[in-house]
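Here is a friendly walk through one protein model, from its strands to its rings and its loops. Please keep the sequence and the 3D view open as you read.

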Amino acid sequence: LRLVESGGGLVQPGGSLRLSCGGSGFSLDSYGIGWYRQVPGREREEVGCISSSESDGSTYYPGSAADRFIISRDDDKSTVYLQMSNLKPEDTGRYYCAALRANYGASVLCSKGSYDLWGQGTQVTVSS
């Protein structure tokens, strides 16, 4: 089982990106998904979580990006998305998705911070 992120790249401040997280060889329906950002020399930062399709479908954004980032899922495509808008230089980092096979609500999923699988990450650079 493997998670695969994609969609990163270089974007100017104020721009948008949509990151994708897919399950390679398995469906994400039963998995709650968390998105995280890692910057070298700093602790991994929680971006947000979405509960599994078998749970309440909730999302949770613990940080300051709640008004700019949206997490959604398309179960037909077995993909979870992180839509990022009005990007700022401080959003730069490597973004990872992580999956836990559980029916926690999104806030509980984020608070636990424990996952079965992690992807390899995709780099996002916000710069002019």
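## Strands, cores and rings

Strand 5 and strand 6 run antiparallel and are joined by two bridges; strands pair if DSSP finds at least two bridges between them. Strands (E, at least two residues) and helices (H or I, at least four) are DSSP runs, numbered from the N terminus. Before going further, note that this is a predicted model, in which local features need pLDDT of at least 70, side-chain atom pairs count only at pLDDT 80 or more, and totals for chains, interfaces and linings use all residues. Residues are numbered from 1 along each chain as its sequence is written, and side-chain values use heavy atoms, with hydrogens and water left out.

Back to the pairing of strand 5: Cys 49 has Tyr 60 in strand 6 as its bridge partner. Strand 5 also pairs with strand 4, in the antiparallel sense and over five bridges. Here Ile 33 is matched with Ile 50 in strand 5. Strand 4 and strand 5 form a hairpin with six residues between them, and Gly 41 in the turn has a positive phi of about 85 degrees.

Strand 4 has another partner in strand 9: the two run antiparallel and are joined by eight bridges. Within that pairing, Gly 32 stands opposite Leu 100 in strand 9. Is strand 4 mostly covered or mostly open? Strand 4 is mostly covered, with seven of its eight residues buried; buried means under 20% relative accessible area, exposed over 50%, and partly exposed in between (1.4 Å probe, protein chains only).

### The nonpolar cores

Nonpolar side chains tend to be buried together in soluble globular proteins. A nonpolar core here is a set of buried Ala, Val, Leu, Ile, Met, Phe, Trp, Tyr and Cys residues joined through side-chain atoms within 4.5 Å. The largest such core has 26 residues, and Ile 33, Trp 35, Leu 82, Met 84 and Tyr 95 have the most contacts inside it. Two or more residues come from each of strand 3 (17–24), strand 4 (31–38), strand 5 (45–50), strand 7 (69–74), strand 8 (79–84), strand 9 (93–101) and strand 11 (122–126). A second, separate core has nine residues, including Cys 49, Ala 98, Ala 102 and Tyr 115.

Tyr 95 is a good residue to click on. Leaving aside neighbours within four places in sequence, the contacts of Tyr 95 (heavy atoms within 4.5 Å) include Leu 19, Trp 35, Val 47, Phe 69, Leu 82, Met 84 and Val 124. Tyr 96 lies in strand 9. With the neighbours within four places again left aside, Tyr 96 is in contact with residues including Glu 5, Trp 35, Gln 38, Trp 118 and Gly 121. The C-alpha atoms of Tyr 96 and Gly 119 are separated by 5.9 Å, although the two are 23 residues apart along the chain.

### Rings around Tyr 36

Rings of Phe, Tyr and Trp (its six-membered ring) pair if their centres lie within 6.5 Å; planes under 30 degrees apart count as stacked, over 60 as edge-to-face and the rest as tilted. The count comes to four aromatic pairs, among them these two:

| Pair | Centre to centre | Angle between planes | Type |
|---|---|---|---|
| Tyr 36 and Tyr 115 | 5.7 Å | 80 degrees | edge-to-face |
| Tyr 36 and Trp 118 | 5.2 Å | 50 degrees | tilted |

Tyr 36 lies in strand 4 and Trp 118 in strand 10, so their pair ties together parts that are 82 residues apart in sequence. Tyr 36, Tyr 115 and Trp 118 form one aromatic cluster. Both Tyr 36 and Tyr 115 are buried, whereas Trp 118 is partly exposed, with a relative accessible area of 32%.

The charged end of Arg 44 sits over the ring of Tyr 36, 5.1 Å from its centre. This label needs NZ of Lys or CZ of Arg within 6 Å of the ring centre and within 35 degrees of the ring normal. Likewise, the charged end of Arg 18 sits over the ring of Tyr 81, 4.1 Å from its centre.

### Two loop residues

Ser 52 is in the loop between strand 5 and strand 6, and is buried, with a relative accessible area of 0%. A polar atom of the Ser 52 side chain lies 3.4 Å from the backbone oxygen of Ala 102. Asp 67, in the loop between strand 6 (59–60) and strand 7, counts as exposed at 68% relative accessibility.

Definitions and conventions:
Polar contact = N/O pair within 3.5 Å; in protein donor to acceptor, adjacent residues only side chain to side chain.
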